[in-house]
Number of protein chains: 2
Amino acid sequence: MLKRNRWFVIAGILCVAAGLAAAQERSPQSVRKAVREYRQQNEVEIVRSYVDLLSLPNVASDTANIKLNADAISKMLELRGFRAQQLNVPGAPPVVYGELSTPGAKHTLLLYAHYDGQPVDKAQWSSGPWQPVLRDGPVDGKSIPLETLKGPLNPEWRIYARSASDDKAPIQALLTAIDALKAAKIPIGVNLKVFFEGEEEAGSPHLGEVFRQNADLLKGGIWVLSDGPVNQTRRPQLYFGARGVTDLELTVYGPGRVLHDGHYGNWAPNPAAVLVDLLAHMRDANSHILIPGFYDDVRALTADEKQAIAQSPEVDAQLKQELGLAWTESAGAMLPLAITQPALNIRGIEAGHVEEKAQNAISTTAKASIDFRLVPNQTPERVHQLVEQFITQQGFYIVRQTPDIETRRQHARVIKVIWGQGYKAARTAMDDPAVRPVITTMEQTLGTSVIKMPLLGGSIPMYLFTDVLKTPVVGLPIVNHDNNQHGANENLRLQNLWDGIEIFAGILAGAEKNWK
Amino acid sequence: MLKRNRWFVIAGILCVAAGLAAAQERSPQSVRKAVREYRQQNEVEIVRSYVDLLSLPNVASDTANIKLNADAISKMLELRGFRAQQLNVPGAPPVVYGELSTPGAKHTLLLYAHYDGQPVDKAQWSSGPWQPVLRDGPVDGKSIPLETLKGPLNPEWRIYARSASDDKAPIQALLTAIDALKAAKIPIGVNLKVFFEGEEEAGSPHLGEVFRQNADLLKGGIWVLSDGPVNQTRRPQLYFGARGVTDLELTVYGPGRVLHDGHYGNWAPNPAAVLVDLLAHMRDANSHILIPGFYDDVRALTADEKQAIAQSPEVDAQLKQELGLAWTESAGAMLPLAITQPALNIRGIEAGHVEEKAQNAISTTAKASIDFRLVPNQTPERVHQLVEQFITQQGFYIVRQTPDIETRRQHARVIKVIWGQGYKAARTAMDDPAVRPVITTMEQTLGTSVIKMPLLGGSIPMYLFTDVLKTPVVGLPIVNHDNNQHGANENLRLQNLWDGIEIFAGILAGAEKNWK
């Protein structure tokens, strides 16, 4: 009784304080508090609304469904007073664009996120990728029925669905932040523009074109890009650049028909062995890329970038524990430093069959899927050139389409090389004054300094902001690092959504007065 | 009219000649002729009967269906007067065994074939693996309806089904040979025993036990083993040995959950890259095995084996043309010589995904399926030892079951190594007098010498005949080399079935008098 009474009194004081503050200029801390209270009172509604958004299949190539996503998000914007429109260029999913003007605001904040998700391998998922499930923790945890859900929710619970983290979470967090500010009668201080892309996971092949066609709408403010995870310590972080990417599909050819590997083994070329040999010559098991000249264009880190990495929290030990790793392939470099280097990732290899499906046979093809992560100042064009030179030097004959038998008769080691869309890395200077208002406001909101990373390991086409829009950009991620992003059972930890709502609300309410 | 009359007269003369000959001792040539006539008159019935046999799914692990095969074949034997029985040992598909005694015969011929087939990947087949289809040639050829089939059939037509070649064809050919001899009233000269195994494609794990338990039934005659294809020139051949085999499944481990390969690429170990590195150290692209000591036990070819290989027809040029190959992985050695060496075949590799299913992700495992083809005097036991020593030297920690996370935390490069059943090679001396009657009778039947190969590239547990039954054995294949054996769209060329019937009939009728 005593305890309950005491809480009652405290809550009463808080309510009175909140009412008084709303009438005045709000401190960043009091904004955060009001937003938190709104969220605490509406957790179930927020989760249900997010589940609706996550129920829409969202692979970029799935044109019909991607349009359903765009329409749903447009509607969500309009409900909150945005002037929404879809920016279209031929062959691309629409960009959902919205403006929310604030009378008297002198500055504009632009937020980028993407609503498409990685392709899925449904067999690997514990539940449907677009049938969101709330679980009380890891994927083998108990699922919590949404119909009978009642708050407060355990913040360690997670929503499982494709794009739960990557990258619908910032969309949900931002819109909930706006709802919370409105409910608390806290005004948004800046003009806000949102830009939600629909083909980031397909490599953003049309983003530059959209930027060019809509440059007038998109220039003259601070861009905040929300994608990727927070620090592995679960502490918030900002990043000033992102690795670029370029991917390729390789197919090598064996005999024209599947052969018995007893009758023909060590005579007929085994395409799996040929592919293995090529890949092993391209990189070693410690991730060093062996292609001559590959590192020539890599720009060295500056002193303050090196310092920021040195000051970032030590995460290797925790991650190795979490992931069951006794080693890393970075030759001793800690994660934040390792990802400032380029990578050759083998995304997949496919040849013949294994285990119970294995056949004593030499297959006709072997395939590998690779992506290269690029760092400043590498370009996809130069990387393509170096990789193809190398493949040719290894004795291969490069084709762009499935070779006919005559081509295979004439050339040993025919290889089909197909490059996907790719783009270069970008890295904004960490002391660039143009992004300072966002950083300052975020730190005021949280009441502490945040981790600053020179480079995000993942790829986001940040270079288009700097190259096409000629504007710096800062990355502000909100989702948990252990989200199975890109894999099966992608998930979002509720606490990360809650934190994201508070951070976005703080910036919306407070950034205007931090502009110099 | 004139032509038809002439054929009529010729046919009449032939019939009279056949009738006269049947009453006397038949020459090998006249036996062959009579059998051919029977076949020509019954082509449709033979094909239909074979189609029935091929309609039974026959993967060794499919216990219920494998029993249906055994029962059907037992019945086929009984219909031809065999005393049939099924030889059972626990956990193994039955061996179908049958005896057909010939009054007065002093010698026994034993025929081995197997009725089980390789596992199938149905997605790769143009028609169901157990829904036999007759086509007018290659797999993209026209299919010929069986219901309205009328002879004579084009001998280049092919029957498509699992085990059409490997290895139900000898069963069908032998039984049809018996039918043909009976129809032509030509007596079988020897005592005949047949032995049809049901798990050859699973590595014959119980064959030795069946031999030991039934040694009294199975000793004291000449064993003919009918499996594998005729020469690539389509000429008949005999072989005096076969490579052994031992297979293994490898799994290497990456992070405990799928990771975004941007955020973690070149830090988290990529299991595909680790596997590639290991495989590339195990063999080079020219099929040379790099495992120390691997070739130490290889027995050199004798002078007459070398001579037989040198005298065998040149098939490389034709095969390379047929298979669309500009090179072979045998470092210049022709096929018959190449297969006298051991091989490391990569049967399959599986990690992540490729092409449209590719994800920008680091997978949790990478798997490879390998078989080693062994030659005299290598043993699976010694090969296992050498391979595991090598893997350990490469920095791996070997486990036999899926490792738990604690094991993965403690050991870099954990690898699961699972060996399948395997067996050693065998090679009978080419001048062994014990198999001479079969060779002589076959050559008399064909009226020409046949190609003799010291070693078949494929694996057949010939060593069990020599080691357990202490008897030499000769391999007599009948099926076409271009049969897609072990792969999808396995097929049998009709002419090969027709030839097989004549060869078996010739041996049944004539071998007794060639015994010394």
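Which residue of strand 6 of chain B does Arg135(B) stand opposite? The legends below, written for a predicted model, start with that pair.

**View 1. An open sheet of four strands in chain B.** Arg135(B) stands opposite Arg158(B), a residue of strand 6 of chain B. The two strands involved are strand 4 (residues 133-135) and strand 6 (residues 158-160) of chain B. They pair in the antiparallel sense, over three bridges. The sheet around them has the strand order 5-4-6-21, with antiparallel pairing. Strand 5 (143-144) and strand 21 (491-493) of chain B stand at the edges. Each edge strand has a single partner strand, so one side of each is left without a neighbour in the sheet.

**View 2. Strand 14 of chain A and its surroundings.** Strand 14 spans residues 365-374 of chain A. Nine of its ten residues are buried, so the strand is largely enclosed by the rest of the structure. Strand 10 (residues 241-253) of chain A pairs with strand 14 of chain A in the antiparallel sense. Ten bridges make up that pairing. Within strand 14 of chain A, Ile370(A) stands opposite Leu248(A). Strand 12 (residues 343-352) of chain A also runs antiparallel to strand 14 of chain A, joined by seven bridges. Phe372(A) in strand 14 of chain A is the bridge partner of Leu344(A).

**View 3. Strand 12 of chain A meets strand 12 of chain B.** The two strands run antiparallel. Five bridges join them across the chains. In chain B, the strand covers residues 343-352. Ala351(A) stands opposite Ile349(B) in strand 12 of chain B. Strand 12 of chain A is thus seen again here, having also paired with strand 14 of chain A.

**View 4. The interface between chain A and chain B.** Contacts link 84 residues of chain A with 84 residues of chain B. Strand 12 of chain A gives the most to the chain A side, with nine residues. By class, the side of chain A that touches chain B has 35 nonpolar, 31 polar and 18 charged residues. A rotation of 180° superposes chain A on chain B, with 0.0 Å of shift along the axis and an RMSD of 0.0 Å. That is the relation of a two-fold axis. Of the interface residues of chain A, 100% are also interface residues in chain B, so the copies meet through the same surface.

**View 5. The two domains of chain A.** Domain 1 takes in residues 25-240 + 428-514 of chain A. Domain 2 takes in residues 244-301 + 340-419 of chain A. Their C-alpha centres lie 37 Å apart. Four residues of domain 1 of chain A are in contact with six residues of domain 2 of chain A. On the domain 1 side, these are three nonpolar, one polar and no charged residues.

**View 6. Chain A as a whole.** Chain A has 16 helices and 21 strands. Its radius of gyration is 25 Å, close to the 24 Å that the globule rule gives for 516 residues, so chain A is as compact as a globular protein of that length. The C-alpha atoms fill a box of roughly 85 × 50 × 45 Å along the principal axes. Buried residues make up 54% of the 516 residues in chain A. Among contacts in chain A between residues at least 6 apart in sequence, 79% join residues at least 24 apart.

Conventions. Residues numbered from 1 in each chain as written. Chains lettered and ligands numbered in written order. Predicted model: local features only at pLDDT ≥ 70, side-chain atom pairs only at ≥ 80, totals over all residues. Buried ≥ 20, exposed ≤ 12 C-beta atoms within 10 Å, placed from the backbone. Pairing = 2+ DSSP bridges. Contact = placed C-beta atoms within 7 Å. Nonpolar A, V, L, I, M, F, W, Y, C, P; charged D, E, K, R; others polar. Least-squares fit on C-alpha atoms with pLDDT ≥ 70 in both. Rg over C-alpha atoms; globule rule 2.2 N^0.38 Å. Domains from an automatic or database assignment.
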